[in-house]
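Below are some short questions on a model and its confidence, one residue and one interface. Each answer ends on the item asked for.

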Amino acid sequence: MIKDLAELLVTKPRARCFSLAARIIAPVVLITASILAAAVKKESSTVFYAFTIVFTSSLLAYNSGFAKLVKGVQLILLFILLGLLINMLALATGLTPLSIERVLTGALRLSAIALTAILLFQWISVEEWISLFSSAGAEGFARILALSIIQLPLSLRAFSEALLSVRIKYGGKYFTRMLSPLLLHAINTARSVSETLLIYGPPAPVKAEAWRWRDIVLYAGVSAITLTLLV
Amino acid sequence: MSSEIAVQLEDLWARYGGGEWILKGLSLSVSKGESVLIVGATGSGKTTLARILNGTAGPIYGVEVKGSYKVNGVEALGLDPFILGLKIHVVSQNPYIHFLNFILEHDYRDYARKVYGDRFEKQVVEKTLTQFNIRELRHHYFFNLSGGQARRAATGKALIPNPEILVFDEPFMWLDDKGVNEFLDMLNLLRKLGKTIIVFEHRFNKVIRFFDRVCVLRNGKIEEADVPALIKIAAAKTLGSNPVYQSNQEGHGEVVLRMENVTFGYGEPVLSNVSLELKRGEGVAIIGLNGSGKTTLLKLITGYLKPWRGRIIVRGRLIYIPQLIHMFYTEGSLMEEAVKLCGSVDGGEACVDRALRALVKEGLNPDKPPSQLSHGQMVKAAILLASTTVKPDLILLDEPFSGLTYIDRLNLIKLLSETPSAKLLTTSSWEFTGLLGNWRLMMLENGGLKQAEPLEKPLNAVFSVELAKLLMGVED
């Protein structure tokens, strides 16, 4: 599942059919609206989350294929489902004051945000992240971000290895200790990739496109979904 | 080979952050078109030297460097690593860190564009992909490549600027036997292309005859080895030795692992109807090429993965020692590791004492942070800590030989033969399997597990160890 998630987080060539501006604006608007909807607690937010999930899933399936999407999101959905089950159990035993609607809406919101965040990863390439932050005068941050994104798939695998060996080593105890080797691994990897950036040079800056005709479809979709919040 | 000097190191000194000098007045001259193998024990400074050669020792690792380092007669200390990379390119131990774009072809094209501009980018990339027979990998994600493929892809990328000199730092790390042979083919190709080649490697048995010269990095200096003379001495020492290490027979009988017709895969089946039984004290080595499903098999045994069909029964406690061995360690020192492990089994001071005594007996300092141990020491300490504290019924070792020197491999086999637990290890190389005495050897191929016989004679492994000892100046 971790391997599949790692593959899902990688930039997809098909993303280039929209302009860079549209690829940033659409997910950012959806994530922001999801967070705001939670804050204002509008009843129509359930519809908004449901539409967001359908919309982003369709775009993700277009990028990676439906089968890969299903495999990749298994882990995230598993966590959300677990959270949902725990809340339902708490609800049944009277341990939480939340209503069943709020518990379900919370799970929908998390799914919508997670899928939109994956879309952001698939749509914006490393070079584009670097260009964006460098043009905003944050070159150092751009470099750190690039290192993190490039190594993300390998870091997820290291996470799986640490999870397994530490869980078995201590017989299920001291679970949080696995953060220690992961931290060391991250530091070593970051240094190695910094070496690579020096040898091969940082990714070349890209020409940021602000508009493509196809963007209309994207903007129309996002607008329609966001408007459901006003119903 | 030309008489012109390609790389010249003179009175080179290097140290990390004001610590002890690692390189102490090292000098080396490599002629154009020459191929040189540099061997050295773990911690001898091979990687530090590789970092100096690619220009990143100072900027990234804060290494203080003194002396002279010239490439084609031009002083190279302090040069921009990107500029230096156009003349001398280092392919590091971990080939996966060479990529700055997920898709191989995109990564190549980005680099080619920086070196040649937009006009020749495509042409250069196509030539490199063809030359290194990696056209079929062009659309692959770099993190999905096997060890051998990643090494080939990293070397291909290094050749994009057509550097005259290529340096490989431990190129056999993570390579299976097929990958080693492919690497040798690649070295032959590079030689035909007239490249100057420098290789740092301690697994030298298969490659030693390829090189024009063999040098040893020892005590911070490099000296040339008289290989024919050393081979004679090593051969004499090998004859008359008793090389086979028997696995501990005590307690054979009780089954600790039973796999019955296990089938599993990721979309496509990786393992089909695999059955295996392992008894206490017994040792089984599973040999298979990279990607054959060895790690998957171990993860099924740990319960991390669930089989599609069949069943797996593990009786008692098990320990998993991963290939990324540093992922095993969670504490600041070996002593703290022992305390934590004893805490996990409610063992008292006696448990900690037992672990510390075992560590000291094997020459390991309990106060040392695990991160400062060599790869071989980390594997050894993991086995000692586990077997003296948790006392597992089954130890699973994923590729424990990968990255170990020949001497460390022999020590590991000795240690495992003295460990009473059942042992199941995976390896991607036949090297040293001849020393595994009464271990059961099994071959994992096309998803199936079958009995195997060692392809290497035990004396070959002993010869490698003896030659390594002579080269590195290690006493018996």
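**Confidence, contact and one arginine**

Chain B of this predicted model has a mean pLDDT of 89, with 97% of its residues at 70 or more.

Q: Which element of chain B has the lowest mean pLDDT, and which the highest?
A: Mean pLDDT is compared among the elements of chain B. The lowest value, 85, belongs to helix H6 (residues 147–158) of chain B. The highest, 96, goes to strand S1 (residues 5–16) of chain B.

Q: What ipTM does the predictor give the complex?
A: The predictor gives two scores for the complex. The pTM is 0.84. The ipTM is 0.82.

Q: Which element gives the most to the side of chain B that touches chain A?
A: The contact takes 37 residues from chain B and 38 residues from chain A. On the chain B side, several elements each supply at least two residues, including helix H9 (294–302) and strand S15 (318–321). The top contributor gives 4 residues: H4(B).

Q: How many nonpolar residues has the side of chain B that touches chain A?
A: Split that side by class. Charged residues number 6 and polar residues 11. The nonpolar count is 20.

Q: Why does Arg213(B) count as partly exposed?
A: Arg213(B) lies in strand S9 (residues 213–218) of chain B. Buried needs 20 or more neighbours, exposed 12 or fewer. Arg213(B) has 15 C-beta neighbours inside 10 Å, so the class is partly exposed.

Q: What distance separates the C-alpha atoms of Arg213(B) and Glu224(B)?
A: Arg213(B) touches Glu34(B), Val36(B) and Glu224(B), leaving aside residues up to four places away in sequence. Glu224(B) is 11 residues from Arg213(B) along the chain. Their C-alpha separation is 7.4 Å.

Conventions
Residues are numbered from 1 along each chain as its sequence is written. Chains are lettered from A and ligands numbered from 1 in the order in which they are written. This is a predicted model: local features need pLDDT of at least 70, side-chain atom pairs count only at pLDDT 80 or more; totals for chains, interfaces and linings use all residues. Two residues are in contact if their C-beta atoms, placed from the backbone, lie within 7 Å. Ala, Val, Leu, Ile, Met, Phe, Trp, Tyr, Cys and Pro count as nonpolar, Asp, Glu, Lys and Arg as charged, and the others, Gly among them, as polar. pLDDT is the predictor's confidence in each residue, from 0 to 100.
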